[in-house]
Amino acid sequence: MRFTYLLIDLFSVLVPFLFSFHPSLKFYKNWRSLFPSMFITGAVFIAWDMYFTHLKIWGFNPVYLIGIYIGNLPVEEVLFFFCIPYSCVFTYACLNVTIKKKISARYQIIISSLLIALSLFMAICFHKQLYTCYTFAALAILLFTAQFISKASWLPMFYNAYLLLLLPFLIVNGLLTGTGLENPVVWYNPAHIIGLRILTIPVEDIFYGMDLILLNVMIYTGLSARFYPWFKNQRKAINSKSSLPYVKTIS
């Protein structure tokens, strides 16, 4: 039982890691862009996590932990910010290769604008619930930056990928929050969430996960463009044909 959280981390990343070496994917060639994005994003979220753990907004059940800590976080929690983003960015990159049809620019802006408006509304209305407020405020900032400042053409694929990832998300987060277990691995202070749950999962977790993966993808795509000069030319060529910019590996 003390290996529960560690096994959840490892099984979350195992299949994507093994398939990274598949001859038709060669995702390992994207590690040059992926690893910096995970470390930068991980540093931000680990600091956030440490702060909220200090405030007792959430905490961890020692029954499910191996007992090694980094600061006030169990090592399993730190690994979470690398295992989950690896799997999610892997999924995003695979979809870039396999799906060629994207939603129109008009619908992209509508979706982004609705999410930003919802996030601002939630952050303001639930400003006393710190997890709710911080999560939605961060999402509003990230989406506004991607849509209206960076004018990211990869956002439609991000939306597609995140919708696809919601099923494994519900499984992983369900286990962490107590679905199928005697007690939750991660507990939440009810004073800092709105109390709406999907099974045992606080609804904030869905948008917290979006924050985590969105920041990873933002950095990942930016580094890909810098490290691989052909990426910019590929993006221009594809955009001229109203198709998605693909984040591919170099054969």
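Start by selecting Thr4, which sits in helix H1. Before going further, bear in mind that what you have open is a predicted model.

**Stop 1: Thr4**

Is Thr4 buried or exposed? It counts as buried because its relative accessibility is 17%, and the cut-off for buried is under 20%. Now show Met1 as well: its backbone oxygen lies 2.6 Å from a polar atom of the Thr4 side chain. Next, add Tyr64, Leu181 and Val185 to your selection. Thr4 is in contact with these three, once its neighbours within four places in sequence are left aside.

**Stop 2: Ser12**

Stay on helix H1 and move along to Ser12, which lies in that helix too. Ser12 has a relative accessibility of 17%, so it counts as buried. Which residues does Ser12 touch, leaving aside its neighbours within four places in sequence? Select Ile84, Ser87 and Val172, and you have them.

While you're here, pick the C-alpha atoms of Ser12 and Phe80. The two residues are 68 places apart in sequence, yet the distance between those atoms is 9.1 Å. Keep Phe80 on screen for the next stop.

**Stop 3: the largest pocket**

Turn on a surface and look for the largest pocket, with a volume of about 580 Å³. Its lining is made of 34 residues, and the ones closest to the centre are Phe80, Ile84, Phe169, Val172 and Asn173. Ile84 and Val172 should ring a bell, as both are contacts of Ser12.

Colour the pieces that each give at least two residues to the lining: helices H1 (4-19), H3 (75-98), H6 (155-176) and H7 (204-227), plus strands E1 (58-60) and E4 (186-188). Which of them gives the most? That's H6, with nine residues.

Try colouring the lining by class, too. You'll find 25 nonpolar residues, six polar and three charged.

**Stop 4: the largest nonpolar core**

Hide the surface and go for the largest nonpolar core, a set of 72 residues. Helix H3 supplies the largest share of this core, 14 residues. For the residues with the most contacts inside the core, select Trp58, Trp154, Leu155, Phe158 and Leu214. As background, nonpolar side chains in soluble globular proteins tend to be buried together.

**Last stop: Leu214**

Zoom in on Leu214 and show what surrounds it. Leaving aside neighbours within four places in sequence, Leu214 is in contact with Leu139, Leu142, Leu143, Trp154, Leu155 and Phe158. Trp154, Leu155 and Phe158 are familiar from the previous stop, where they were among the residues with the most contacts inside the core.

Notes. Residues are numbered from 1 along each chain as its sequence is written. This is a predicted model: local features need pLDDT of at least 70, side-chain atom pairs count only at pLDDT 80 or more; totals for chains, interfaces and linings use all residues. Side-chain values use heavy atoms; hydrogens and water are left out. On a 1 Å grid over the protein atoms alone, a cavity is a set of points where a 1.4 Å probe fits but cannot get out, and a pocket is an open set with protein on both sides within 12 Å along at least five of seven lines; lining residues have an atom within 4 Å of a point. Grid points are joined across faces, edges and corners, and a volume is the space filled by probe spheres set on the points. Helices (H or I, at least four residues) and strands (E, at least two) are DSSP runs, numbered from the N terminus. Ala, Val, Leu, Ile, Met, Phe, Trp, Tyr, Cys and Pro count as nonpolar, Asp, Glu, Lys and Arg as charged, and the others, Gly among them, as polar. A nonpolar core is a set of buried Ala, Val, Leu, Ile, Met, Phe, Trp, Tyr and Cys residues joined through side-chain atoms within 4.5 Å. Buried means under 20% relative accessible area, exposed over 50%, partly exposed in between (1.4 Å probe, protein chains only). Contact means heavy atoms within 4.5 Å. A polar contact is a pair of N or O atoms within 3.5 Å; within protein, one must be able to donate a hydrogen and the other to accept it, and residues adjacent in sequence count only if both atoms are side-chain atoms.
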